Structures are given as C-alpha cells and as structure tokens.
Amino acid sequence: MNLEIILHAGLATGTILLFAAIGEIFAERAGVMNLGVEGMMLLGAMAGFSTSLATQNAWLGLIMAIFAGGILSLAHGLVTIHFQADQVVSGLSLTFLGTGLALVLGEGLTGQNPPLIPNVSLPILASIPFLGSVFFTNHSILVYVGYLFIPLTWYYIYKTRPGMHLRAVGEKPSAADTLGINVYRVRYFYVFVGGCLAGLAGATISLSVSPGWYSSQTTSGQGWIAVAIVIFAQWNPVRAAVGGYLFGMLRRFILDLQGPALLFGFQNPIFMNHNLSFFLQMTPFLLTIVALVWGSQAAMRKRLGSPAALGIPYIRGERGL
Amino acid sequence: MKNPFTLQIEKRSEDIPKWLPLVTSLGAVLVAFIFSGLVLKMIGGQPLRVLGFFFTATFGSWGVFSDTLVKATPLIMVGLACSLAFKMKLWNIGAEGQFYLGAFFASMVVLVPLVPPDSPKVVVLTAMVLMGMIGGALWGFIPGILKAKYNVNEIITTLMLNYVAIYWNNYWIFGKWSDAGFQMTPMFEKTAWLPRLSDYAKQFNALSGITLHLGVVFGLIAAFVIWWIIERSRWGYEIKLIGDNPKAARYAGLNISRNIILVMMISGALAGLAGMAEVSGVVHRLQERISPGYGFSGIIVAWLSKLNPFAVIIVSILFGALIVAGREIQPSGIAFLLQGTILFMVISSDVLLRYKIRLVRYNEEKA
C-alpha cells in the first residue's frame with residue numbers, strides 16, 4: 001500500500017478509460033450514442049495484439065487497433081445514421097459483434113509475447129519530487145499521449161470552428177443543416193473517431209498497461225464504465241479524464257487492499273478471508289452507479305444535460321430537432 | 001455516361017404487408033449465417049461442416065432436441081423480460097444479473113434453509129419460484145427507482161448490477177455455501193428439483209434421457225401472461241403509450257415513475273424465474289457460470305421477435321440451438337459472433353419496413 005504506486009498505476013489504467021470516454025464524447029456530441037465501446041475496445045485490443053505479434057512492431061499494432069475500432073464503428077454509423085435504427089440496440093449488437101469477432105479472430109493469442117509499446121520517463125520533468133515520479137516516470141508513451149489529449153480535445157470541442165459544428169449537429173441538427181453543415185457527414189466522422197479511440201483504448205490495454213490477450217477478460221467491462229464516465233462527465237473531456245484517472249486509482253487501491261496482513265495498523269479482514277475480495281471487486285461497479293446518481297442530480301439542478309439530439313436520427317426534410 | 005439505373009428510396013406511406021416483417025427477419029438471420037460462415041472460412045474453418053454439425057447437434061434426435069429446449073427455457077423467460085421492458089423503451093440490459101439473483105434467492109430456500117428440509121416437493125418448489133421472482137424483482141427495482149426518482153440512465157445501472165450480482169454469487173459459492181472447497185454449493189435435495197420428463201422413463205421408455213423440465217411450462221405460461229398484459233390489458237396499453245410517446249402519456253396523466261418501477265420489477269422477476277428454473281431444473285445446485293450469457297441473448301431474442309411474446313418462444317428455440325452447438329463448435333466465439341451479427345442484420349433490415357427501395361431507370365426519372 002503505497003500512495004505513489006496507486007497514483008502511478010491509476011494514471012496508467014485511467015488512460016484506457018480516458019481514450020474510450022473521450023471517443024464516446026465525440027460520438028455523443030454529434031448526436032450518436034454508441035454503446036458498442038466494449039466491443040470496439042475488445043476488437044482493438046485483439047487487433048493490436050495480433051498485429052504486433054505478426055509484424056513484431058507494436059506501433060503497427062497500435063495503428064491496426066485504431067483502424068479496427070474505427071471500421072467496426074462505421075457499421076453502427078451506417079445502421080443508425082442512414083437506416084435510422086435505434087441507437088441503443090445497434091450499440092448493443094455492436095458489442096456482441098465486436099466481442100464475437102475478437103474472440104474468433106483472437107483464438108490462440110493467449111500466452112503470446114508480442115513487442116509492446118515502451119515505457120519511458122520524461123527528462124527534467126521526472127526529477128520533480130513526488131509529482132515527477134507519479135506523472136512522468138516509467139509510464140507508457142500512451143499515458144503521455146493521454147495527457148496531451150485532454151487540453152487538445154477540450155480546445156477542439158469548445159474553441160474551434162469544427163468543434164462548434166460538432167456541437168451544433170448534436171444539439172440542433174436541422175439548424176446546422178440550414179447553415180450548410182453536412183449533418184450526415186459530421187455524424188459519420190465522429191462516430192468513426194469514437195471507434196478509433198475505443199480501438200486505441202483497447203490496444204492501450206493489450207499492448208501496454210496490462211499486456212496480454214485474455215479473451216473477453218481483456219476489457220472486463222471497462223468499455224461500459226467509459227460510457228458511464230461520459231454521462232458523469234457531462235460530455236466534457238476534462239471531467240472525463242479526471243473520472244477515468246480516479247477510476248484507475250480506485251482499481252489499483254482495491255487490488256492493494258487484498259495483499260497485506262496488516263492494514264493501517266489493523267488486522268486486514270480480507271487477508272483473513274479472501275472471499276471478501278469479491279465485495280471489493282464489486283466496488284468499481286457500485287461506485288459507477290453512485291457516481292451516476294450524483295452526476296444526474298447535479299445535471300438536473302444545473303439544467304445541464306445530454307446533447308439535445310442525442311439518440312435521435314436526423315432525417316433531412318422532416319420535422320424534428 | 002451516367003448509370004442507367006438509380007436506386008430510389010421512398011418512405012412507405014401505406015401499411016406494411018403482414019408477411020414483410022417475417023421475411024426481413026428470416027432474411028436477416030440468413031445473411032448473418034452467411035457472414036459468420038465467411039469469417040469462419042477466412043480463418044480456415046469449414047463453414048458447411050460446422051453448419052451440418054449445428055443441425056445434427058441440436059435437432060438431430062429427440063435427445064439433443066430436448067437439450068435445445070432446455071437451453072431455450074431460460075431464454076424464453078429472459079426474452080419476455082426484455083420484451084416487456086423494451087415495449088416501454090426501458091432498456092433493461094440487466095437480465096443477466098437478475099437471472100443470477102433469482103438463482104441465488106431460489107437457492108436460499110434450500111441452503112439457508114427457508115423451509116424445513118423435509119417439506120413436500122410442492123412447498124419447496126413453490127417457495128423457490130416465489131423467491132426466485134422476488135430476487136429478480138429486487139434487482140430490477142434498484143435501477144427502476146433510480147430511473148424514476150433521479151433520472152439515472154438505466155442502461156448503465158442495469159449493466160453494472162450484472163457484475164455486482166455475479167460477484168455476489170461468487171462470494172457465497174466460494175465461501176459460505178461452498179461444497180468442500182469446490183466452487184459450487186452441495187447438490188440440492190430431490191425435493192428441490194423441478195420434475196423432468198426423464199423422471200417418467202419407467203412408465204414410458206422413450207422418455208429416458210429426455211432432460212426437459214417443468215421450467216419450459218413456466219416459460220409458456222409467462223409468454224401467455226405477458227401477451228395478455230401487453231395486448232389485452234389497460235395497463236399494457238399504458239406501457240405501449242409511454243414507450244411510443246412519453247409526452248402524450250404525461251399529458252394523459254399516466255404515472256410514469258410508477259410504471260417504470262413496476263415494469264422493471266416484473267421484467268426482473270421473469271429473469272429471476274429463469275434463474276430459479278436453471279438451478280432447480282438443470283444444475284440442481286448454485287455454481288459459477290450458471291448462465292452462458294442468457295441475459296444478453298435474451299435481448300437479441302426479444303428484438304428478433306419484434307417484442308412479440310409468442311415469437312419469443314420460437315426464436316428462443318433457435319437461440320437455444322445456438323447455445324447447445326456453441327458449446328462444441330470451435331472457435332468458441334463463433335456463437336457470440338453469430339448472435340451479434342443476427343441482431344445487427346435484424347435492426348438493419350428494419351429499414352425495409354419503413355422505406356421502399358426501387359430501381360428507377362435513369363431516363364424514367366428524367367421524365
């Protein structure tokens with residue numbers, strides 16, 4: 001039990017949730033809810049892992065993972081944007097489809113050792129006391145990419161013209177259309193971006209943070225937690241990042257609670273009875289619910305909410321949002 | 001030169017013909033099979049042999065057909081659970097967890113025990129049915145009240161509760177109720193077993209080895225009850241109204257919060273009943289992985305049946321077959337892939353119900 005280790009590991013595992021949640025924020029900001037994050041992540045994890053194994057190049061694996069997530073998301077895009085199918089059901093089926101594809105194509109990958117994305121320490125920054133060793137020492141390169149992602153996506157969504165188009169399409173597509181924005185194209189694009197980021201999140205697991213292929217256990221529900229974080233974060237990438245990192249730290253903290261015989265000077269009940277750890281394993285999921293209740297309360301008070309057109313297909317020339 | 005033909009998509013103005021939904025659904029399943037076959041071919045499998053194996057392993061004899069029906073039994077109940085909730089556009093993705101809680105509560109009857117161990121079979125089984133439904137309803141109540149009171153997204157809460165339910169069960173089967181350290185409880189007494197057809201093998205020789213149990217009757221009764229609720233009762237009309245047009249329902253003065261909680265609880269109770277039937281009719285003990293994802297397959301079953309309770313029965317048999325065959329087909333993900341593809345194709349094919357696609361000659365269009 002060491003605060004520095006918990007924070008350090010939390011940043012690493014939080015990066016997975018960060019990528020997935022920010023990807024989902026892009027899609028939902030454009031008005032398309034994609035519940036297929038878990039499936040896209042798993043497919044990305046598999047594609048990255050197997051490509052890295054086949055080519056002996058982790059970076060090619062990473063690119064393949066991004067590509068795989070993106071391609072899979074286009075199926076969701078086609079069905080929901082053009083065929084106007086229900087986004088919830090389509091997203092669910094995407095999870096099934098992605099999981100199935102990943103399990104079938106990932107057959108026999110367990111136990112293999114492909115090259116991984118390297119861990120590095122940043123010069124100068126790493127020598128800052130405490131913060132340096134938590135934030136800038138011996139992290140995967142992807143963790144640093146994650147740091148950069150937070151301000152960049154925030155700036156993109158809130159301060160640039162394409163970001164404004166993105167929000168317009170998610171809030172009032174008919175008005176955006178009147179202004180000459182191609183609603184369909186924007187939606188396809190951000191669904192694709194969301195898929196790419198989910199794929200990246202998957203590869204972050206399999207090629208970096210907890211390397212390996214453990215079939216459906218590779219993602220173990222993190223895609224769903226990412227979806228919950230998006231709601232909790234009220235579609236704001238900065239809040240999503242904070243949520244992701246906090247969750248990562250929590251996971252590590254729970255893991256550490258199970259080890260020692262003495263905890264804060266007391267006898268550790270979990271050490272005495274290992275079955276109690278099942279309750280610990282529940283906590284991330286229970287806390288997700290608590291966070292959602294809290295987030296929904298805050299949203300209702302401040303009259304904040306989801307993008308107004310979220311979940312509603314846009315049909316040109318028809319009355320609607 | 002331009003294409004001589006263009007595809008023109010028109011919105012349907014007339015009613016859709018009665019046969020069309022059936023045709024598109026069947027077509028969707030067919031396309032899903034072909035797609036999965038292509039994936040299998042790509043990785044070097046032999047799709048046709050797998051398909052042949054699929055049929056002999058699931059419909060080939062009375063024995064395997066009974067296995068298929070045994071797997072279809074929980075799917076019928078879970079599929080109905082999802083259908084009812086989906087009618088109200090209430091996304092209960094938590095049938096898996098409700099199934100586990102139902103199994104847990106039903107097991108409590110035997111393991112705590114809640115009724116004296118030497119009670120007659122009728123008493124034990126009735127208690128198990130009730131407890132199973134209570135367990136599932138409880139697990140549906142939580143997301144229901146959170147949605148009704150705090151507007152918390154039920155998709156996420158039901159999903160998260162799935163994980164919680166599985167860990168909860170694990171705690172008991174690994175610990176307190178473990179059978180000599182194995183990850184399962186001791187076998188239930190015979191009084192806690194649902195009657196099976198093979199129990200009557202002495203009188204009718206043909207029934208030996210037929211494992212079909214009374215749970216399937218629960219499923220059929222449930223299908224009728226849900227059909228009656230949705231199609232014939234006033235309450236069912238309310239549910240459909242809330243699902244189709246919540247605004248109108250609110251103006252009509254319907255109590256939406258109460259309906260959300262009620263529907264979630266009934267949906268959960270059905271999934272819990274499925275869990276009870278599985279522990280009491282099939283495994284006869286509580287153990288790990290009593291469900292190979294019934295809760296999730298139920299979502300697909302409900303959607304493929306277009307939320308029609310009687311269609312749920314038919315579709316469940318197909319999916320029961322998928323589960324039976326999936327246990328033996330390698331690679332194991334192929335059943336999952338097939339389910340996901342089927343659902344995807346079905347929702348894609350729905351576009352054909354809303355739109356007509358016509359081939360139009362170029363010069364005709366000009367004119």
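Buried means under 20% relative accessible area. Keep that cut-off at hand for these exercises on a predicted model.

**Exercise 1.** Decide whether Cys82(B) and Cys196(A) are buried or exposed.

*Solution.* Start with Cys82(B), whose relative accessibility is 0%. The cut-off for buried is under 20%, so Cys82(B) counts as buried. Now take Cys196(A), at 14% relative accessibility. That value is also under 20%, so Cys196(A) counts as buried too.

**Exercise 2.** Find how many disulfides the structure holds.

*Solution.* First recall that a disulfide is a covalent bond between the sulfur atoms of two cysteines. Next, look for cysteine sulfur atoms within 2.5 Å of each other. Over all chains, the count of disulfides is zero.

**Exercise 3.** Work out why chain B can be called as compact as a globular protein of its length.

*Solution.* Begin with the make-up of the chain: chain B has 15 helices and two strands. Then compare two values: its radius of gyration is 23 Å, and the globule rule gives 21 Å for 367 residues. These are close, so chain B is as compact as a globular protein of that length. For its extent, the C-alpha trace spans about 85 × 55 × 40 Å along the principal axes.

**Exercise 4.** Describe the inside and the surface of chain B.

*Solution.* Take the inside: 53% of the 367 residues of chain B count as buried. Then turn to the surface, where the accessible area is about 16900 Å². Carbon and sulfur atoms account for 65% of that area. Last come the charges: chain B has 31 positive and 19 negative ones, and their mean positions lie 5 Å apart.

Key: Residues are numbered from 1 along each chain as its sequence is written. Chains are lettered from A and ligands numbered from 1 in the order in which they are written. This is a predicted model: local features need pLDDT of at least 70, side-chain atom pairs count only at pLDDT 80 or more; totals for chains, interfaces and linings use all residues. Side-chain values use heavy atoms; hydrogens and water are left out. Helices (H or I, at least four residues) and strands (E, at least two) are DSSP runs, numbered from the N terminus. The radius of gyration is taken over C-alpha atoms; the globule rule is 2.2 Å times the number of residues to the power 0.38. Buried means under 20% relative accessible area, exposed over 50%, partly exposed in between (1.4 Å probe, protein chains only). Accessible areas come from the Shrake-Rupley method with a 1.4 Å probe; for residues, only the protein chains shown count as cover. Lys and Arg count as positive and Asp and Glu as negative; His and the chain ends are not counted. The place of a charge is taken as NZ of Lys, CZ of Arg, CG of Asp or CD of Glu.
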